[in-house]
Amino acid sequence: MTPTIRRILAGPATIVTFILLVVPFGLGWLKTALFTPLALPGYLIYAVGSAIGNAIAPRFELWVYWVPFIAACYAISVAVGASYEWVCEQLSESDQ
Amino acid sequence: MNRRTVLGAAGSLAVGTITVATAVVRSRSDDAFVSAARNGPPADDVVTEQLLPDTVHETPIYTIEAPADGATVMVFGGVHGDEYNGIEVSHEVTEWRPNAGTLVVVPETDRVAVENERREGVDGDLNRHFPIDEEPTTELARGIWDAVERYDPDVVLDLHRSLGIFDLHQRYVGQALFHSADAPAKEIVASLNDVVPWYMPAHRFVAEPSTHPSPLLFKKAAHELGSTAYLFETTSFMLDQEAKNTFTRAATARVLARHGMLEVSMEVER
Ligand SMILES: [Zn+2]
């Protein structure tokens with residue numbers, strides 16, 4: 001099976017990765033008591049992203065980086081999804 | 001096996017560093033320092049006076065005399081009127097019962113700013129009105145400084161709220177304990193970081209010596225009265241009000257403990 005663009009952009013591996021990056025961190029942002037170790041990847045991405053954004057445009061408040069954060073998480077998820085599809089493809093080829 | 005140990009304040013921080021490992025979520029009930037501060041012996045005396053009575057700045061000042069002799073510690077909240085962690089926690093501190101010394105608390109230092117929920121009061125930013133070796137520049141600042149001189153505190157702690165993270169976001173001070181040169185701030189911060197979950201590494205507190213003279217209340221107290229002075233900052237970045245209050249409370253209790261006001265008892269796991 002050849003991975004389609006659609007499968008890479010919205011396949012299960014892509015969606016699961018996106019949810020894992022965004023949801024635990026989003027819960028912690030809403031209520032600090034809901035921060036868990038699961039939120040750490042999102043936490044680090046947001047911290048680094050907001051640091052870069054703040055260095056470029058110090059005038060913005062730090063919540064505005066939710067927009068690039070979501071975009072970055074999706075980009076990472078697509079990379080993970082594509083890798084996953086590629087690995088699946090290699091495995092299915094070696095089966096033949 | 002649980003063993004209940006009572007430690008003198010001097011030894012308590014080192015042991016506390018090992019034993020008081022709590023997450024933000026649980027620290028409200030588990031923090032041995034806060035619990036020692038809340039559950040100390042009945043005070044010899046609790047007095048409420050008004051600072052700058054019959055003016056727009058009139059604000060209560062609470063004095064709690066502990067049963068034993070010790071340091072005089074002044075805690076200020078609401079120097080900036082929209083920094084609710086300092087205001088709410090210093091109101092709680094008026095209910096604390098230290099074992100030793102005198103605890104003086106001003107929860108709403110800039111009363112007008114607090115009522116308006118704004119950083120600045122009638123004359124602007126109160127924490128810029130205390131030039132070193134000069135008269136404070138406004139009526140409110142002079143009234144506060146008169147009280148500080150009268151109490152002649154060994155320790156001054158001013159509670160604030162910042163934005164962003166120290167060293168990560170330019171212009172922002174994040175989670176920090178600024179302090180005079182003589183302050184044991186590294187030790188206090190090490191113990192305070194036990195309350196910060198390991199998976200929030202950017203939120204670890206830093207101890208920052210602050211010796212450059214500028215017109216801040218804690219600096220004037222350090223320079224002119226020789227007080228050991230602290231300015232505490234917790235951040236709004238990623239933290240809700242409850243978490244900011246937890247950190248502020250934990251920091252205040254640790255400062256009191258380190259200056260001999262609390263006897264910290266804690267459960268030691270064996
Ligand atoms: Zn402030």
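**Aromatic pairs, a zinc site and a pocket**

Across all chains, the structure holds 17 aromatic pairs. One of them joins Trp198(B) and Tyr199(B), whose ring centres sit 5.3 Å apart with the planes at 85 degrees, so this pair goes down as edge-to-face. The partners part ways when it comes to solvent: Trp198(B) is exposed, at 61% relative accessibility, whereas Tyr199(B) is buried, at 8%. The model is a predicted one, and every value quoted here is computed from it.

Phe205(B) and Phe247(B) make another edge-to-face pair, because their planes stand at 80 degrees, with 5.3 Å between the ring centres. Phe205(B) belongs to the loop between helix 7 (185-192) and strand 8 (206-209) of chain B, and Phe247(B) to helix 9 (residues 241-258) of that chain, so the contact ties together parts that are 42 residues apart in sequence. Here both rings are tucked away: Phe205(B) is buried, with a relative accessible area of 4%, and Phe247(B) is buried too, with 1%. Ring pairs also build a cluster out of Phe25(A), Trp29(A), Phe35(A), Tyr43(A), Tyr46(A), Trp66(A), Phe69(A) and Phe237(B). That list takes in residues of chain A along with Phe237(B) from chain B.

Next comes the metal. The zinc ion takes its protein donors from His80(B) (ND1), Glu83(B) (OE), Glu83(B) (OE) again and His160(B) (ND1), at 2.0 to 2.4 Å. Angles among these four donor atoms run from 57 to 149 degrees, and the site is irregular. A tetrahedral label would need all angles to lie between 85 and 135 degrees, and the range of 57 to 149 degrees does not fit that. Along the sequence, the donor residues follow the spacing H-x2-E-x76-H. His80(B) is found in the loop between strand 4 (68-76) and helix 4 (84-93) of chain B, while His160(B) is in strand 6 (residues 155-162) of chain B, so the two histidines tie together parts that are 80 residues apart in sequence. As for accessibility, His80(B) is buried at 3%, and His160(B) is buried with a relative accessible area of 1%.

Strand 6 turns up again in the largest pocket, which holds about 390 Å³ of space. Its lining is made of 20 residues, and those nearest the centre are Arg119(B), Arg128(B), Ser162(B), Val173(B) and Glu233(B). By type, the lining splits into seven nonpolar, five polar and eight charged residues. At least two lining residues come from each of strand 6, helix 8 (217-225) and strand 9 (228-235) of chain B. Of the elements involved, strand 6 of chain B gives the most, namely three residues.

Finally, a word on the backbone. Most residues other than glycine have a negative phi. Asp152(B), though not a glycine, has a positive phi of about 45 degrees. Asp152(B) is placed in the loop between helix 6 (139-151) and strand 6 of chain B, and is partly exposed at 43% relative accessibility. Met238(B), also a residue other than glycine, has a positive phi near 70 degrees. This methionine lies in the loop between strand 9 and helix 9 of chain B. At 2% relative accessibility, Met238(B) is buried.

Conventions. Residues are numbered from 1 along each chain as its sequence is written. Chains are lettered from A and ligands numbered from 1 in the order in which they are written. This is a predicted model: local features need pLDDT of at least 70, side-chain atom pairs count only at pLDDT 80 or more; totals for chains, interfaces and linings use all residues. Side-chain values use heavy atoms; hydrogens and water are left out. Donors are N, O and S atoms within 2.8 Å of the metal (3.2 Å for Na, K and Ca); water is not among the atoms, so sites may look incomplete. Four donors count as tetrahedral if all angles lie between 85 and 135 degrees; four count as square planar and six as octahedral if opposite donors are over 155 degrees apart and all others between 65 and 115; anything else is irregular. Helices (H or I, at least four residues) and strands (E, at least two) are DSSP runs, numbered from the N terminus. Buried means under 20% relative accessible area, exposed over 50%, partly exposed in between (1.4 Å probe, protein chains only). On a 1 Å grid over the protein atoms alone, a cavity is a set of points where a 1.4 Å probe fits but cannot get out, and a pocket is an open set with protein on both sides within 12 Å along at least five of seven lines; lining residues have an atom within 4 Å of a point. Grid points are joined across faces, edges and corners, and a volume is the space filled by probe spheres set on the points. Ala, Val, Leu, Ile, Met, Phe, Trp, Tyr, Cys and Pro count as nonpolar, Asp, Glu, Lys and Arg as charged, and the others, Gly among them, as polar. Rings of Phe, Tyr and Trp (its six-membered ring) pair if their centres lie within 6.5 Å; planes under 30 degrees apart count as stacked, over 60 as edge-to-face and the rest as tilted.
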